[in-house]
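Reader: I would like a close look at one part of this fold, namely the way its interior and its sheet are put together. Please take me through it with care.

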Amino acid sequence: MAKLDLSLEEVGRLVGASELIGDPSFHCRSVAPVDSAGPDDHTFIKNEKLAARARDSRAGAILVPARLEGLTGHQVVVEDPFAAFARVLARISERRRRLP
């Protein structure tokens, strides 16, 4: 599992979020697919057709294309969740390259 360790607010700034829903100080520790994400994981859904999967997910935070009602986790609203998730993965890759 890829390590992240960014606050919701930091993720929002990184991906240019239009809205953060939840506690901005919440920390995501890693990333995972929506179906297997846990409470410390960040994930994404690429469109609103996948909203049911997001609602069933245990993810701590989800990149979404629009605010989703009935979602218990934190939400980061962005125009393109797939591209935003790619930015999150790029940040993880940058951090790994800096490790000794």
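To begin with the rings, how many aromatic pairs does a search of the whole structure find?

Author: The model is a predicted one, and a search across the whole of it finds 2 aromatic pairs. Ring pairs join Phe 44, Phe 82 and Phe 85 into a cluster.

From the rings we can turn to the nonpolar interior. The largest nonpolar core has 17 residues, and the members that touch the most others are Leu 4, Val 15, Val 31, Leu 63, Val 76, Val 78 and Val 88. At least two residues of this core come from each of strand S1 (3-7), helix H1 (8-15), strand S3 (27-31), strand S5 (61-64) and helix H3 (81-98), and H3 gives the most, with 4 residues. In soluble globular proteins, nonpolar side chains tend to be buried together. Val 15 offers a view of this core from one residue: leaving aside its neighbours within four places in sequence, Val 15 is in contact with Leu 63, Val 76, Val 78, Ala 84, Arg 87 and Val 88. Apart from the largest core lies another one, of 13 residues, which includes Ala 32, Ala 51, Val 64 and Val 77.

The sheet comes next. It is open and built of 6 strands in the order S1-S3-S4-S5-S6-S2, with mixed pairing. S1 and strand S2 (19-21) stand at its edges, each with a single partner strand, and therefore one side of each is left without a neighbour in the sheet. From one strand to the next, the twist averages 30°. The pairing of S1 with S3 is antiparallel and runs over 3 bridges; Leu 6, for instance, has Cys 28 in S3 as its bridge partner. H1 packs on this sheet, where it touches S1, S2, S3, strand S4 (41-44), S5 and strand S6 (74-77), and the direction of H1 makes about 100° with that of S1.

A last residue to consider is Pro 24, which is placed in the loop between S2 and S3 and, at 37% relative accessibility, counts as partly exposed. Leaving aside its neighbours within four places in sequence, Pro 24 is in contact with Ser 7, Leu 8 and Glu 9. Between the C-alpha atoms of Pro 24 and Glu 94, which are 70 residues apart along the chain, the separation is 23 Å.

Note on methods: Residues are numbered from 1 along each chain as its sequence is written. This is a predicted model: local features need pLDDT of at least 70, side-chain atom pairs count only at pLDDT 80 or more; totals for chains, interfaces and linings use all residues. Side-chain values use heavy atoms; hydrogens and water are left out. Rings of Phe, Tyr and Trp (its six-membered ring) pair if their centres lie within 6.5 Å; planes under 30 degrees apart count as stacked, over 60 as edge-to-face and the rest as tilted. A nonpolar core is a set of buried Ala, Val, Leu, Ile, Met, Phe, Trp, Tyr and Cys residues joined through side-chain atoms within 4.5 Å. Buried means under 20% relative accessible area, exposed over 50%, partly exposed in between (1.4 Å probe, protein chains only). Contact means heavy atoms within 4.5 Å. Two strands pair if DSSP finds at least two bridges between them. Axes are lines fitted to C-alpha atoms, for helices over the stretch in contact, and angles run from 0 to 180 degrees between N-to-C directions.
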